[in-house]
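This report walks through the aromatic pairs, the charged pairs and the packing of one protein chain. The sequence and the structure come first, and the description follows.

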Amino acid sequence: MIETKENQEFTFVEGQMLLVDKPVSWTSFDVVGKLRNSIKPVKVKVGHAGTLDPLATGLLIICTGKMTKQIDSFQAEDKEYTGIITLGATTPSYDLETEVDQTFDISSITDQDILEAAQTFLGDHEQYPPAHSAIKIDGERVYEKARRGEEVELKLRNVFIQEFVIEKIELPEVHFRITCSKGTYIRSIASDFGKKLNNGAYLSSLRRTKSGDFSVENAWNLEDLINAIKLQKHQ
C-alpha cells in the first residue's frame, strides 16, 4: 500500500511503502531508525530503497513488514535529481562535507562551454565513486577509511545518464536536473563536470525528486509522518 498524506491508514506489519522527504543532515539510516522507534512497541522490519547522502534532501522510499521484499525492485528504478554544481573549486568528498582543497579561475568559462559539457555525460557513462562514500571494502565503509586519510582503490562503475539539463547558470553556480540509473553518484558527476571544463567543481546542493514512478511531491514531511503515526496510535 502506498502511503500519502491523503491516506493515513498505517498497516506496518502487513507491509507498507512510505514516501518520505528526507531532511538535510539526516542519514537515510537516521530516518529508518526514527520510523522504527515511532512504530514501537510493534516489532517490524523497516528498510529504505536507496541511500541519500546526509547533505542531500528529497525522496526516500521506506518499506515495512512484507513490503521490505520489494526494496530491491524499488531500488532498481531510475532516479531524478535537481541540484547545484559549484565551479572553480574542489573538495575531497566532492561536496560540502569536506573543506575546499583547491581553487581555479573560472573567468574564461562560457555558458556554451557548460551546456556542451553536460551533453558529454549522456548515455552510458563510467565513473569512480567518491572516496567519501558508503561503499564497503573489506567490510568497512569507504568514507571511514577516507576520514582516516587511508588510500582506497575504487573501481569504475557503469551508469546511464538519460537527461542532464542545465536549468540556470549563475557562476560559480550551475543549477541542473539529472535523470540517471541506480547507483549513480551525482557527486562524482559534479567532480567530473569540473574536469570536463579543465577546471574544478563540487556538488553544493542535491535533492532527489523522483524514483521510478514516485515523486517527492507526494512524500511526507518526516515530522508530519511521525505525528500522524502517533495520532493513529491514540485513536
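In this predicted model, the count of aromatic pairs comes to five. One of them is formed by Phe74 and Phe214, whose ring centres lie 5.9 Å apart with the planes at 80 degrees, and because planes over 60 degrees apart count as edge-to-face, the pair falls in that class. The two partners come from distant parts of the chain, since Phe74 belongs to helix H2 (residues 71–75) and Phe214 to strand S14 (residues 214–215), 140 residues apart. Phe74 is buried at 13% relative accessibility, and Phe214 is buried as well, with a relative accessible area of 18%.

Another pair is made by Phe164 and Phe193, with ring centres 5.7 Å apart and planes at 50 degrees, so this pair is tilted. Phe164 is part of strand S11 (residues 157–170) and Phe193 of helix H5 (residues 186–196), so the pair ties together parts of the chain that are 29 residues apart in sequence. Phe164 has 4% relative accessibility and counts as buried, while Phe193, also buried, has 0%. Ring pairs further link Phe164 and Phe193 with Phe121 and Phe176 into a cluster. A charged residue meets this group too: Lys196 lies over the face of Phe121, at 5.6 Å from the ring centre.

How much of helix H5, which carries Phe193, is buried or exposed? Nine of the 11 residues of H5 are buried, so the helix is largely enclosed by the rest of the structure. The buried residues are Ile186, Arg187, Ser188, Ile189, Ala190, Ser191, Asp192, Phe193 and Gly194. Their cover includes strand S5 (79–87), helix H3 (111–119), strand S8 (123–127), S11, strand S12 (173–180) and strand S13 (201–211). After H5 comes Asn198, whose phi is positive, near 55 degrees.

Charged side chains add further links, and a search of the whole structure finds seven salt bridges. Three of them are set out below.

| Salt bridge | N to O distance |
|---|---|
| Asp53 and Arg187 | 2.9 Å |
| Arg187 and Asp95 | 4.0 Å |
| Arg177 and Glu163 | 3.2 Å |

Arg187, in helix H5, takes part in a salt bridge with Asp53, which lies in the loop between strand S3 (46–48) and strand S4 (57–64), 134 residues away from Arg187 in the chain. Asp53 is partly exposed, with a relative accessible area of 23%, whereas Arg187 is buried, with a relative accessible area of 3%. Arg187 also meets Asp95 in a salt bridge, and because Asp95 lies in the loop between S6 and S7, this pair ties together parts that are 92 residues apart in sequence. Here both partners, Arg187 and Asp95, are buried.

The salt bridge between Arg177 and Glu163 links strand S12, which holds Arg177, to strand S11, which holds Glu163, the two residues being 14 apart. Glu163 is partly exposed, with a relative accessible area of 31%. Salt bridges that share partners join Glu163 and Arg177 with Glu80 and Glu167 into one network.

Which residues surround Leu35, in helix H1 (residues 28–39)? Leaving aside neighbours within four places in sequence, Leu35 is in contact with Leu18, Val20, Ile62, Leu222, Leu225, Ile226 and Ile229. Leu35 counts as buried, at 1% relative accessibility. The C-alpha atoms of Leu35 and Ile226 are separated by 7.1 Å, although their positions lie 191 residues apart along the chain.

On the surface, Val24, Leu55 and Leu96 make a nonpolar patch of about 250 Å². Leu96 is in the loop between strand S6 (89–90) and strand S7 (102–103), and at 47% relative accessibility this residue counts as partly exposed.

For the chain as a whole, the secondary structure comes to six helices and 15 strands, and buried residues make up 48% of the 235 residues. Among contacts between residues at least 6 apart in sequence, 69% join residues at least 24 apart. The chain exposes about 12,400 Å², of which carbon and sulfur atoms supply 47%.

Definitions and conventions
Residues are numbered from 1 along each chain as its sequence is written. This is a predicted model: local features need pLDDT of at least 70, side-chain atom pairs count only at pLDDT 80 or more; totals for chains, interfaces and linings use all residues. Side-chain values use heavy atoms; hydrogens and water are left out. Helices (H or I, at least four residues) and strands (E, at least two) are DSSP runs, numbered from the N terminus. Buried means under 20% relative accessible area, exposed over 50%, partly exposed in between (1.4 Å probe, protein chains only). Contact means heavy atoms within 4.5 Å. Accessible areas come from the Shrake-Rupley method with a 1.4 Å probe; for residues, only the protein chains shown count as cover. Rings of Phe, Tyr and Trp (its six-membered ring) pair if their centres lie within 6.5 Å; planes under 30 degrees apart count as stacked, over 60 as edge-to-face and the rest as tilted. A charge sits over a ring if NZ of Lys or CZ of Arg is within 6 Å of the ring centre and within 35 degrees of the ring normal. Patches are made of residues with over 30% relative accessible area and no salt bridge: like charges are joined within 9 Å, nonpolar side chains (Val, Leu, Ile, Met, Phe, Trp, Tyr) within 5 Å.
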